[in-house]
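I opened the model today to look at its strands and then at the chain as a whole. My notes follow in the order in which I looked things up.

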Amino acid sequence: MRVRARALLGGLSWVPGVAAAVPLQDALHAYGIQAAHIGRLWNFTLGLCTLVFGAIFVAFLWALWRAPRGRAGETAPDMASLARPERRLHRAVGLATGIATLGLLLLLAADVFTSRALARLPLGNAVNIELIGHEWWWEARYHHADPARDFVTANELHIPVGRAVVVTLRSNDVIHTLWVPNLHGKRDMIPGRTSTLQLRADHAGTYRGQCAEFCGLEHAKMAMLVEAEPDAAYEAWAARQRQAAAPPATAQALRGRAIFETSNCASCHTVEGTAAHGKAAPDLTHLAGRTTLAAGILPNDGAHLAAWILDPQSHKQGVYMPATTIKPDDLQALVTYLGTLK
Amino acid sequence: MNAPRKDKDDEALLDVCHLPTFAFGQRSPMWWGTMGLVAIESTVFALSIMSYFYLRSHADTWPMARFPPDLIWGTLNTAVILLSMIPNHFAKRAAEKLDLKQVRLWMVVCMLSSIAFLAVRVLEFGALNVHWDSNAYGSAVWMLMGLHTTHLITDAYDSLVLTVLMFTGPLEGKRFVDVSENAGYWYFVVLSWIPIYAVIYWGARI
Amino acid sequence: MSMAKSPAPPRLAPQDAAQLHQTWSDPPGLVGWFSAINHKTISMRFMVTTFVFFVMGGLLALAIRTQLAQPDGKTVGPDMYNQLFTMHGSTMMFLFAVPVMQAVATYLVPLMIGARSVAFPRMNAFAYWIFTLGGIMLFIAFLVGSGPDAGWFAYVPLSLLQFSPGKRVDIWAQMITFTEMAGLMEAIVLITTILKMRAPGMTLNRMPLFVWTILATSFMVLFSMPAVMLASTALITDRLVGTQFYNPLKGGDALLWQHLFWFFGHPEVYMIFIPPLGFISTIIATFSRRPVVGYPAMVLAVIATAFLAFGLWVHHMFATNLPELGKTFFTAASLMIAIPTAIQIFCWIATLWTGRLDLRTPLLFVLAFFVILVIGGLTGLMLASVSLDTQLHDSFFVVAHLHYVLMGGAVFPLFGAFYYWFPKFTGRMLGETLGKWNFWLFFIGFNLTFFPMHVLGLQGMPRRVYTYPSEMGWGSLNFLATIGAFMMALSVLLFIVNVVHSRRRGAVAGDDPWGAGTLEWSVASPPPPANFEMVPVVHARDPLWSAQKLPSHVSGLANDYREILVTSVADADLDHRLWLPASSIWPFLTALATTVLFIGSVFTPWAVVWAMVPVAIGATFWFWPKKDIVEQRTGSERSPLEVES
């Protein structure tokens with residue numbers, strides 16, 4: 001099922017940055033059905049609230065305009081309202097309140113209908129992802145009915161267009177929140193609890209998300225990319241993810257792997273098919289297939305990777321990965337090796 | 001009282017010379033102040049009890065300890081605390097009749113009962129069968145006990161100061177109002193114990 | 001109907017008036033300054049202190065806006081930024097927004113109800129000291145690099161020891177204890193004052209609308225602040241002595257914190273919002289030259305708002321995994337609370353519609369409410385929907401919403417109130433031209449700062465981020481917002497200049513420059529220490545706008561001790577007289593001892609035990625009556641048992 005992405009609230013396209021911003025991270029352009037439901041509710045609510053504001057504003061300005069002027073301290077107060085009740089005014093207030101109440105009921109109904117629609121996403125053939133929040137990265141475990149087909153990745157998700165995705169949300173430490181606004185609203189990842197988000201991308205593209213619950217020092221730098229692609233491309237990607245890392249082909253890459261396995265890297269990171277099985281940091285088995293590093297904040301190229309390894313703190317202060325004292329040619333070998341992890 | 005005013009139109013004035021200079025019960029601002037405190041502390045207790053049951057609703061096993069708190073000292077103390085309402089009642093009545101001798105007598109009895117229940121309270125803490133830092137159940141139990149005990153201690157101290165004042169003076173009418181209000185607060189500390197006792201000692205048994 | 005020509009009010013003989021003045025004055029000297037308990041003295045200090053905190057909160061905001069003005073900002077790093085927004089929120093919410101309302105109330109309420117004092121004047125003073133010392137502790141911690149950094153809401157587990165080492169969060173949690181203790185005491189003071197010390201004849205039905213808002217707010221304080229005190233106490237014990245309230249691995253729950261915090265937090269924002277509703281009613285009445293339309297509806301609306309506010313808190317938790325059906329209940333409640341506010345807005349518009357308007361600065365600030373709060377309220381309706389909230393929550397949309405309601409609903413009316421009552425506090429008028437500049441700069445600056453944030457939130461910008469990448473396209477709107485922030489800062493500076501200048505050189509105000517209807521305008525500006533030479537007798541709402549009736553004043557209250565009149569709750573019938581205590585240094589000293597206890601317990605639990613001793617000593621001396629004073633009065637005592645009335 002395809003849903004044509006419509007720019008909702010096109011009236012805001014004059015605002016710099018709204019139209020076709022790269023990367024895509026906004027609630028106004030829905031590329032998935034859930035975000036589309038919410039987008040429709042937004043349009044309705046905005047319309048109704050604008051009408052209400054307009055009415056109150058006009059009444060208010062009119063009152064200011066038509067009332068005669070006086071001067072506090074000089075003009076005598078008008079106490080006529082004590083003697084004669086002001087029925088017309090009371091009726092007007094009553095009527096306005098009645099209309100306001102009606103508007104509120106409309107909003108309630110719209111909300112209930114939207115909640116129902118969101119809960120009714122067909123879940124057949126869904127992709128199951130367990131997403132675990134860490135300070136300040138995302139651990140993703142893809143689960144399959146056949147556990148042999150499970151795999152682990154980090155920070156960048158691929159999902160098939162047109163198929164439901166059920167994301168189970170957990171946290172390893174503090175509260176985080178998954179928010180990929182072009183696809184759906186957000187959901188908290190609370191330690192000790194499990195929540196679920198059900199979504200579907202209806203248009204191929206790369207959607208950026210960000211942690212939306214203050215989670216400490218580098219909350220601002222905990223982003224993720226969601227790559228929505230046609231089913232066949234997704235299955236091909238998933239098949240690659242299931243494979244262990246290919247053995248390095250060149251001498252330098254081999255040396256890089258040795259460095260990886262024998263230095264601190266292996267104590268935190270995992271690369272399937274090697275001696276590195278650390279669980280405290282992102283799985284790097286297919287690092288080279290990702291667009292970004294460090295949870296969406298650095299481009300994934302040799303230079304940035306080298307700079308990150310040398311001194312992560314200078315890019316993301318407070319991150320748990322320590323700086324390394326590594327010789328330049330060792331670093332080069334390491335980066336070469338990591339570049340083979342497609 | 002000041003010299004009567006020599007005003008031309010006395011009907012312009014509402015004279016209050018005849019009014020008493022203190023009053024009991026809800027006529028007194030002190031009553032309202034005490035009630036405000038009761039409202040606050042009741043809310044704290046209610047929220048603590050709700051937190052206990054909230055944590056329980058998320059727990060697989062409850063209590064999170066081998067045994068719930070032993071009943072003996074808690075139940076004994078409940079009796080002692082409830083009995084302390086008797087001298088408290090007489091102290092309040094005596095105060096409202098401005099009977100200094102009776103006030104002194106019954107306040108001393110109240111102080112003796114407070115020594116008794118504070119002593120037993122120490123034994124209660126030793127019989128809770130869980131440590132405050134073992135788990136959330138222990139924390140909730142100790143919080144409830146700690147909050148109520150703080151009230152027992154501060155109320156006992158208040159009452160002690162008032163008792164001493166009743167013997168040493170200087171006294172005036174509104175001190176009897178203070179005794180009456182203190183007794184009212186004492187009722188609160190006693191009665192608030194009942195739900196807390198029920199939660200701590202029976203909340204893990206049913 | 002012209003203002004009734006009243007005969008000259010009865011006066012005390014000059015030597016009696018002088019004695020009354022002396023009895024209620026603050027003692028001189030340095031020790032005297034710390035011993036003062038006159039409610040107006042304490043209130044002035046309180047208002048100044050909360051305003052200082054407002055300015056400091058504003059400076060913190062300027063630092064935040066400077067950092068966010070451009071992508072990849074380098075003004076401050078993440079650690080300092082997290083402290084900045086935590087301090088900004090904590091300062092504004094705990095050290096400014098509610099305390100300033102209580103401060104203004106403790107000045108005006110006795111005057112508006114015809115009383116000479118607040119009830120429990122020493123406790124009123126203690127509350128001020130404990131509040132100030134708590135605020136000072138917080139800022140000292142910040143200045144020495146130990147400022148709290150887990151947000152003003154300090155969600156667990158982030159605020160637990162494992163993820164927030166050091167003392168930062170403990171200081172934050174203890175600041176809560178200080179400020180909430182002060183708030184609770186002030187609430188007791190205000191409720192008792194309003195219910196028991198109204199002038200004879202001021203039935204509840206004749207009470208000024210502002211006094212109703214303070215009554216409702218004070219009840220809310222009693223039932224909401226204990227929640228945050230309990231939550232923060234449990235946080236301190238988790239951090240300090242290892243309790244497990246919030247640790248899911250040991251049976252605790254992260255959402256327990258959120259429930260307790262927001263059970264306080266939602267009523268809190270209404271406690272900030274409701275007193276300004278009283279300012280608005282008062283100022284609109286005076287500047288429309290007529291009483292507000294629909295007094296009973298206005299009172300019931302305030303009471304309804306106060307009740308409903310307790311039923312909304314889960315709307316702060318819509319992104320959690322609470323059951324969806326439960327969340328929808330809170331959507332309904334959050335929508336429903338708009339109804340009483342709508343009633344009030346419509347009644348005010350009706351008042352303006354049928355009034356004779358004086359568009360000077362106090363009214364201008366109040367009129368801004370009708371634009372800004374209404375926008376904020378409407379975005380609140382948007383946030384009330386669970387589905388919409390899942391996109392808007394924790395984004396800059398919420399930052400926009402909260403500032404529209406807090407500033408439109410509270411800060412603008414508060415500035416209006418300052419312009420309105422400054423003449424009463426000081427005897428001088430604030431400059432009107434400077435006032436208009438102040439207003440327009442604030443109004444334009446405010447909208448420039450916060451309107452773009454609605455868009456930023458919809459464009460995907462989350463909250464509490466110390467920076468953002470340039471490719472997101474959020475730079476221009478952020479830059480605009482920063483310009484607006486500096487405009488607001490300039491406007492506040494103008495206000496300060498206006499105040500400083502007008503204190504000495506403003507036009508002399510006289511008793512009643514605005515021709516207003518409530519009792520505070522019947523006394524001199526500033527009022528004498530005892531407020532009323534002779535306590536008035538009230539026969540109508542807006543006594544100064546109503547015909548004088550007899551009896552008009554009370555006679556027989558002492559001039560040589562601080563004697564007040566206590567009346568009945570509903571009808572303010574005469575009940576008894578009461579002697580209030582004189583000035584004393586003990587509230588201040590006890591506050592110091594309490595400060596030692598609170599700060600000590602951040603470092604060791606044993607502080608609670610040994611620091612209790614000086615607190616108990618201070619409290620005992622505070623209470624202990626003075627022999628000579630008691631003997632002096634005992635002769636004039638009248639027992640209620642003699643008087644069988």
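I began with a strand pair in this predicted model, and found that β9(A) and β10(A), the latter covering residues 223-229, run antiparallel to each other and are joined over 6 bridges. Within this part of the chain I looked up A:Tyr207 and noted that A:Val226 of β10(A) stands opposite to it.

Next I asked in which order the strands of this sheet lie. I found an open sheet of 3 strands in chain A, ordered β4-β10-β9, with mixed pairing. The edges are taken by β4(A), residues 156-160, and β9(A), residues 205-210, each of which pairs on one side only. I also looked up the twist, and neighbouring strands of this sheet are turned against each other by 25° on average, with direction ignored. As a reminder to myself, strands of a sheet pair through backbone hydrogen bonds, either parallel or antiparallel.

I then turned to what packs on the sheet, and noted that helix α4(A), residues 231-242, lies across β4(A) and β10(A) and runs at about 135° to β4(A).

Finally I stepped back to the whole of chain A, whose secondary structure comes to 8 helices and 12 strands. Its radius of gyration is 28 Å, whereas a compact globule of 342 residues would have one near 20 Å, and the C-alpha atoms fill a box of roughly 100 × 50 × 40 Å along the principal axes. Buried residues make up 42% of the 342 residues in chain A. Of the contacts in chain A with a separation of 6 or more, 66% join residues 24 or more positions apart.

Conventions: Residues numbered from 1 in each chain as written. Chains lettered and ligands numbered in written order. Predicted model: local features only at pLDDT ≥ 70, side-chain atom pairs only at ≥ 80, totals over all residues. Helix = DSSP H or I, 4+ residues; strand = E, 2+ residues; numbered from the N terminus. Rg over C-alpha atoms; globule rule 2.2 N^0.38 Å. Buried ≥ 20, exposed ≤ 12 C-beta atoms within 10 Å, placed from the backbone. Contact = placed C-beta atoms within 7 Å. Pairing = 2+ DSSP bridges. Axes fitted to C-alpha atoms, helices over the stretch in contact; angles between N-to-C directions.
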